[in-house]
Amino acid sequence: MRRRDLERLVGDLEAEDAFARLDAEKRLREEMQTDFGFRWDAPAESRRTAVARLRAHVEEQRKREKARLAGKKGLASLDLQQLKGMTPAQVEKHLQNLLGKAGLLAGFKVARPRCQGCQQRPATVEIVEVEDRAARAVTRLCDPCATRRGEVRGG
């Protein structure tokens, strides 16, 4: 169950409408398979106590999950701001480093397709042919091949 849905259901437990509370209670029991002592027809104080226990449980689960994820060896994330100002080679090295830290992705390599012109160097330029507002063909070239074809224009 998504956190937002769970928070909405917990909020519904506090509704003035008894039918809304009953529905939220049933749905939470189905989803969580746990009883926090909430009864839709209980006095308001008893309901508030049960909702407080539920909120504490949900917060504890969130903290445990966050700690579990943070504690995983090799947990890595990509911040696009870090890539600003890097050369393509530096970006590639950084991405390869992140992939190496992410357990399941450790065997993957960041690779560019080969140049369709010389078939030797990695492609750094994509030329997209558009027809009727749709991509018709894509040609991938390295810088030298693109320059020879006149596709790269100096800025």
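Trainee: In which loop does glutamine 119 lie?

Mentor: In this predicted model, glutamine 119 lies in the loop that runs between helix H5, residues 88–101, and strand E1, residues 125–131.

Trainee: What should I look for in the backbone there, and what is the phi of glutamine 119?

Mentor: Begin with the general expectation, which is that most residues other than glycine have a negative phi. Glutamine 119 is not a glycine, yet its phi is positive, at about 60°. Arginine 133, which is likewise not a glycine, has a positive phi of about 60°, and this arginine is found in the loop between E1 and strand E2, residues 134–141.

Trainee: Is arginine 133 buried or exposed?

Mentor: Exposure is read from the relative accessible area, where a value over 50% counts as exposed and one under 20% as buried. Arginine 133 has a relative accessible area of 84%, and it is therefore exposed.

Trainee: How do the helices and strands follow one another along the protein chain?

Mentor: Reading along the sequence, you will find the pattern α-α-α-α-α-β-β-α, built from six helices and two strands. Of the 155 residues in the protein chain, 20% are buried, and among the contacts with a separation of 6 or more, 29% are made by residues that are 24 or more positions apart.

Trainee: How do I describe the packing of two helices, and at what angle do H1 and H2 cross?

Mentor: Take the axes, and then ask how they approach and cross: those of H1, residues 3–13, and H2, residues 18–32, come within 8 Å and cross at roughly 140°. H1 is therefore oblique to H2, since the label roughly antiparallel is kept for angles over 145 degrees. The crossing of the two helices is left-handed.

Trainee: Which residues of H1 and H2 meet?

Mentor: From H1, the residues are Leu6, Arg8, Leu9, Val10, Asp12 and Leu13, and they meet Ala20, Arg21, Ala24, Glu25, Arg27, Leu28 and Met32 of H2. Sorted by character, the residues of this contact comprise eight nonpolar and five charged, with no polar ones.

Trainee: Which residues does arginine 27 touch, once those up to four places away in sequence are set aside?

Mentor: Arginine 27, whose place is in H2, touches Arg8 and Leu9 on that count. Its C-alpha atom is 9.7 Å from that of leucine 6, although the two residues are 21 residues apart along the chain. With a relative accessible area of 33%, arginine 27 is partly exposed.

Trainee: And where is aspartate 17 found?

Mentor: Aspartate 17 is found in the loop between H1 and H2, where its relative accessible area of 42% makes it partly exposed. Aspartate 17 and tryptophan 40 are 23 residues apart in sequence, while their C-alpha atoms are 9.6 Å apart in space.

Trainee: How many disulfides does the structure hold?

Mentor: The test is one of distance, because a pair of cysteine sulfur atoms must lie within 2.5 Å to count as a disulfide. The structure holds zero disulfides. For cysteine 118, which is in no disulfide, the nearest cysteine sulfur belongs to cysteine 115 and is 3.8 Å away.

Trainee: Why is the sulfur of cysteine 145 not in a bond with that of cysteine 142?

Mentor: The sulfur of cysteine 142 is the closest cysteine sulfur to that of cysteine 145, but the separation of 3.5 Å is too far for a bond. Cysteine 145 is itself buried, because its relative accessible area is 7%.

Methods:
Residues numbered from 1 in each chain as written. Predicted model: local features only at pLDDT ≥ 70, side-chain atom pairs only at ≥ 80, totals over all residues. Heavy atoms only, no water. Axes fitted to C-alpha atoms, helices over the stretch in contact; angles between N-to-C directions. Helix = DSSP H or I, 4+ residues; strand = E, 2+ residues; numbered from the N terminus. Parallel < 35°, antiparallel > 145°, perpendicular 65-115°, else oblique. Left-handed = near helix turned anticlockwise from the far one by under 90°. Contact = heavy atoms within 4.5 Å. Nonpolar A, V, L, I, M, F, W, Y, C, P; charged D, E, K, R; others polar. Buried < 20%, exposed > 50% of the residue type's maximum accessible area, 1.4 Å probe, protein only.
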